[in-house]
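Me: I would like to learn how to read burial, ring pairs and strand pairing in a model. Where do we begin?

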Amino acid sequence: RVLVGYGDGAVGFIDVCTHARITDQDELSCEEHPESFQLGQDGRVYVNIADRRVVQVFTQGKSSLWPLPKGHSMNYPMALDDQGGRLFVGTRRPSSVVIYDTSNGSVVQVVPCAGDSDDLYW
C-alpha cells in the first residue's frame with residue numbers, strides 16, 4: 001500500500017497492485033492539510049500539520065497533537081529515527097530542527113539549521 005497526504009486534511013491508502021484507493025481502510029483524518037509524514041515500524045504515523053504548528057501522531061486508531069515550541073512555525077520537512085526514538089521536524093521560522101522523543105512527544109532539543117528547508121533525511 002502507498003500512503004498519500006492530500007486535500008484539506010487526510011492521509012489515504014492506495015493499493016500498489018491495482019492503483020485503486022483502499023476503501024475498506026479508514027483514511028487518517030488530519031487537523032489540516034498534511035505536509036510531510038513518516039511511518040514508524042510500530043505502525044505509528046507522524047504527520048506535519050504546518051497550518052496548526054503541530055505534529056499529529058496516529059496510533060492504533062487514535063491521534064494526538066505534539067505542538068511546536070513557542071515561536072516556531074512553517075513545519076514542512078520531517079525525518080524519523082525509529083531505532084533511536086527521535087523525530088526531526090524542520091521549521092522555517094525560525095530556521096531550525098525540532099527534535100522530539102517519540103516515546104512521549106516531548107521536545108528533546110532545538111537546533112538551528114539552513115533557511116527554507118524542504119526535506120530532511122535520517
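Reply: Begin with burial: a residue counts as buried when its relative accessible area is under 20%, and as exposed when it is over 50%. The model here is a predicted one.

Me: Is Trp-66 buried or exposed?

Reply: Trp-66 has 8% relative accessibility, so it counts as buried. Tyr-46, at 0%, is likewise buried.

Me: How is a pair of aromatic rings described?

Reply: Two quantities serve: the distance of the centres and the angle of the planes. This structure holds three aromatic pairs. In one of them, the ring centres of Tyr-46 and Trp-66 are 5.8 Å apart and the planes stand at 55 degrees, so the pair is tilted.

Me: Which parts does the pair of Tyr-46 and Trp-66 tie together?

Reply: Tyr-46 is in strand β5 (residues 45–49) and Trp-66 in strand β7, so the pair ties together parts 20 residues apart in sequence. Ring pairs also link Tyr-46 and Trp-66 with Tyr-100 in a cluster.

Me: What are the distance and the angle for Phe-88 and Trp-122?

Reply: Their ring centres are 5.0 Å apart with planes at 15 degrees; planes under 30 degrees apart count as stacked, so this pair is stacked. Phe-88 lies in strand β9 (residues 86–93), while Trp-122 lies in the segment after β11 (107–112), so the pair ties together parts that are 34 residues apart in sequence. Phe-88 is buried, with a relative accessible area of 15%, whereas Trp-122 is exposed at 54%.

Me: Now the strands. What is the order of the strands in the open sheet?

Reply: The open sheet has four strands in the order β4-β5-β6-β7, with antiparallel pairing. Its edge strands are β4 (37–39) and β7 (62–67), each pairing on one side only. On average, neighbouring strands of this sheet are turned by 20 degrees against each other, direction ignored.

Me: How many bridges join β6 and β7?

Reply: Strand β6 (residues 54–59) pairs with β7 in the antiparallel sense over six bridges. Within this pairing, Thr-59 stands opposite Lys-62 in β7.

Me: What can be read from a single residue such as Gln-56 in strand β6?

Reply: Take burial, then polar contacts, then neighbours. Gln-56 has 1% relative accessibility and so counts as buried. A polar atom of its side chain lies 2.9 Å from the backbone nitrogen of Glu-31, and a polar contact of 3.2 Å joins the side chains of Gln-56 and Ser-63. Leaving aside neighbours within four places in sequence, Gln-56 is in contact with residues including Cys-30, Tyr-46, Ile-49 and Leu-65.

Key. Residues are numbered from 1 along each chain as its sequence is written. This is a predicted model: local features need pLDDT of at least 70, side-chain atom pairs count only at pLDDT 80 or more; totals for chains, interfaces and linings use all residues. Side-chain values use heavy atoms; hydrogens and water are left out. Two strands pair if DSSP finds at least two bridges between them. Helices (H or I, at least four residues) and strands (E, at least two) are DSSP runs, numbered from the N terminus. Axes are lines fitted to C-alpha atoms, for helices over the stretch in contact, and angles run from 0 to 180 degrees between N-to-C directions. Rings of Phe, Tyr and Trp (its six-membered ring) pair if their centres lie within 6.5 Å; planes under 30 degrees apart count as stacked, over 60 as edge-to-face and the rest as tilted. Buried means under 20% relative accessible area, exposed over 50%, partly exposed in between (1.4 Å probe, protein chains only). A polar contact is a pair of N or O atoms within 3.5 Å; within protein, one must be able to donate a hydrogen and the other to accept it, and residues adjacent in sequence count only if both atoms are side-chain atoms. Contact means heavy atoms within 4.5 Å.
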